[in-house]
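Got your viewer open? Here's a short walk through the model, one selection at a time.

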Amino acid sequence: MDYRRIITLAEYILQGNQINYEEALTLTQVGNEDIPLLAAFANKIRQQFTGNGVDMCGLVSARSGMCSEDCKFCSQSVYHATDAPIYGLRTAEEITIAAQQAEQQGASRISLVTSGKGMDHDPDFQKIITAIEGIMAETDLKVCANLGTLTPSQAQMLAASGIKRYAHNLETSKNFYPSVCTTHSYEERLSTIQAAKTAGLELCTGGIIGMGESWSDRIDLAFALRELDVTSIPINILNPIKGTAFEDITPPTPLDIIKTFAIFRFILPDKIIRPAGGREINLRDMQGQLMLSGANGLIIGNYLTFSGRDAAADFQMVQDAGLVPTNTCKN
Amino acid sequence: MTNYDLIFSLGKKVLHGDPITFEEAVALTQIEEADIPILLGVANKVREKFTGSYVDTCQILNARSGNCSEDCKFCAQSAHHDVKVDAYPLMKENDIIKAAQKAEADQAYRFCVVTAGCGMEGDADFAKIATAIKRIGSETSLQRCCSLGTLQEDHVAALKEAGITRYHHNLETSESYFKEICTTHTYQERIDTIKRVKAADLEVCSGGIIGMGETWRQRIELAFTLKELDVDSIPINVLNPVKGTALEHQEKLNPMEILQTFAIYRMILPTKILRYAGGRERNLGELVPLGFLSGINGMLIGDYLTTQGRGADKDIQTVSDLGLKLLEN
């Protein structure tokens with residue numbers, strides 16, 4: 001592909017237009033030698049539409065393991081024999097302490113995450129709301145929740161508790177989804193997202209790349225997210241955990257990952273695009289490049305079932321790239 | 001005309017095989033910060049077109065350390081500085097061979113024997129060094145280089161005879177800034193050594209150090225001098241201000257400015273080897289790999305003369321992550 005095509009599409013976006021599906025698909029044909037250029041324009045788009053702030057978010061795993069669902073990548077599924085920790089809902093006090101630790105590491109936002117399909121008839125739901133209120137009382141963090149499937153009334157209750165954003169991934173494209181999960185449908189995910197939106201919550205919705213999906217699957221996901229008008233897009237890169245159905249998948253190369261982030265930025269110019277789990281093992285020391293390829297958020301500290309790296313290294317990396325870790329991201 | 005129009009118009013010119021002028025290069029130093037990655041991307045394209053995907057790696061050996069008579073302000077080995085640095089006389093031949101074998105095991109393509117001191121005039125070690133270099137040739141398949149300071153014609157001939165293919169001798173900085181960096185010998189003396197080496201049909205590895213307080217124009221001046229001398233390989237160090245040296249308090253360059261420098265050098269010197277050298281770890285941190293996407297196509301691996309590198313393994317992993325390949329003997 002001629003590199004001038006990159007410039008044409010980038011300028012079209014910088015003027016405030018949206019590229020269409022076919023145009024996005026042509027960007028997947030950019031050759032390796034032009035990926036830095038594609039990334040540079042994604043960086044320019046990121047700067048024009050979102051500024052130089054990087055939204056730093058921490059996770060608290062409030063309940064772990066024993067999930068009834070069969071998501072092939074997930075070490076918390078009962079279908080997989082892994083070393084992932086298993087515990088019931090932690091106490092409100094433990095959750096608050098974990099949130100305070102994330103705040104000390106520099107997070108501006110925390111997401112409270114529970115394993116399991118969702119909250120329907122879940123006796124923990126009320127306790128989770130109490131824990132969320134506890135975090136809000138004890139820290140200055142913005143609090144998000146990631147609790148799986150929600151009913152419309154649960155979404156309303158979360159909004160009433162003061163939560164501003166709900167995290168619920170689509171994981172992958174609709175087309176590829178049956179290869180990733182068979183115990184619940186893509187539509188079910190969409191209806192939770194819809195319930196959260198109706199309740200006035202913002203959405204943090206993304207997925208995982210490197211599970212064997214095609215380029216058009218990745219583009220499908222980005223367009224689905226654009227259509228849903230989600231605010232924040234966490235992009236994980238498969239960390240093939242031993243014992244999961246995807247343990248033998250070879251993850252994508254760093255250049256392939258960078259290209260994906262850049263194309264997501266072309267499709268979603270004004271959103272928070274957030275590198276999430278798997279960045280350390282798959283990008284190794286190419287994470288700095290990612291910060292100049294359209295990313296403007298990070299998940300810092302540890303992930304749900306595996307360790308991240310020292311948050312201080314992420315702050316240094318963001319600053320070295322000329323960006324600003326911020327507690328006042330406009331989103 | 002937006003800033004990046006300038007980047008692309010100069011990029012097209014270079015990709016077309018035409019040189020850019022001094023003032024055009026200076027214009028590239030004045031682009032907006034948000035456009036620096038675009039410049040890097042264009043430099044990467046230029047690198048790919050003119051030098052391909054191969055990375056030229058070398059490992060250096062500090063074969064004689066410290067006690068140097070010269071006063072280069074950045075240097076931990078100068079007798080003018082009070083630095084805690086290991087000073088030792090010329091290593092034994094067997095130890096030099098062992099170091100070369102280690103370089104080969106680290107997948108270095110080249111091996112460079114470096115000695116402290118102004119040069120080889122009347123230096124009793126010279127014959128020993130030449131012998132060691134000859135022996136490296138029979139015991140490894142490494143390309144052999146050396147960096148011994150000022151040379152006269154007879155030294156050059158003897159080194160060529162010993163089997164070196166390339167001689168290293170930095171210009172360090174621009175002619176106009178050199179007197180701020182060194183007062184014990186002249187810039188012309190350095191240029192004369194380079195010319196003697198070129199005249200003997202040997203390749204030259206010559207670059208310098210950025211971040212010593214020079215201006216952008218001086219940095220560009222160095223690139224054009226190197227271009228005029230038609231040197232083959234250009235090591236670019238980024239100052240690592242060692243405690244006890246005259247430059248110990250020099251302010252750090254910002255990482256994006258360092259990458260911008262590489263990219264502009266690539267635009268000025270499209271076909272040459274631009275080589276990562278000392279100071280990259282300290283100054284670029286996690287942005288080190290971006291150098292390879294900004295025009296760099298060579299690197300020192302392993303440790304430097306008086307400072308540690310980040311480990312050859314890590315650099316080799318980075319090269320493979322970027323879809324680049326190591327030059328092999």
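Which residues of H10(B) are buried? Before you click, bear in mind that this is a predicted model. Now select residues 255-268 of chain B, which make up helix H10. The buried ones are B:Pro255, B:Ile258, B:Leu259, B:Gln260, B:Thr261, B:Phe262, B:Ala263, B:Ile264, B:Tyr265, B:Arg266, B:Met267 and B:Ile268. That's 12 of the 14 residues, so H10(B) is mostly covered. Put a ruler on H10(B) too: from first C-alpha to last it reaches 20 Å, close to the 20 Å expected at 1.5 Å a residue.

**Next stop: the side facing chain A**

Keep H10 of chain B coloured and bring chain A into view. Here 25 residues of chain B are in contact with 27 residues of chain A. H10 is one of the helices of chain B that each supply at least two residues to that side, along with H3 (36-51), H12 (288-291) and H13 (312-321). Want the top contributor? Select H3(B), which gives the most, with 8 residues. Colour the chain B side by class and you'll find 13 nonpolar, 6 polar and 6 charged residues.

**Then: a helix pair**

Now hide chain A and select residues 126-139 and 153-162 of chain B, helices H5 and H6. They pack at an angle of about 25 degrees, with their axes 8 Å apart. Angles under 35 degrees count as roughly parallel, and that makes H5(B) roughly parallel to H6(B). As for handedness, H5(B) passes H6(B) in a right-handed crossing. Show side chains where the two meet: H5(B) brings B:Phe126, B:Ala130, B:Ile133 and B:Lys134, while H6(B) brings B:His155, B:Ala158, B:Leu159 and B:Ala162. Sorted by class, the contact has 6 nonpolar, 1 polar and 1 charged residues.

**Last stop: one isoleucine**

Finally, centre on B:Ile96, which sits in helix H4 (residues 93-105) of chain B. Is B:Ile96 buried or exposed? It has 22 C-beta neighbours inside 10 Å, and 20 or more is the cut-off, so B:Ile96 counts as buried. Which residues does B:Ile96 contact, leaving aside its neighbours within four places in sequence? Light up B:Leu61, B:Ala63, B:Met91, B:Val113 and B:Ala132. To finish, draw a distance from B:Ile96 to B:Arg135: the two are 39 residues apart in sequence, and 9.6 Å apart in space, C-alpha to C-alpha.

Technical notes:
Residues numbered from 1 in each chain as written. Chains lettered and ligands numbered in written order. Predicted model: local features only at pLDDT ≥ 70, side-chain atom pairs only at ≥ 80, totals over all residues. Helix = DSSP H or I, 4+ residues; strand = E, 2+ residues; numbered from the N terminus. Expected span 1.5 Å × (residues − 1). Axes fitted to C-alpha atoms, helices over the stretch in contact; angles between N-to-C directions. Parallel < 35°, antiparallel > 145°, perpendicular 65-115°, else oblique. Left-handed = near helix turned anticlockwise from the far one by under 90°. Contact = placed C-beta atoms within 7 Å. Nonpolar A, V, L, I, M, F, W, Y, C, P; charged D, E, K, R; others polar.
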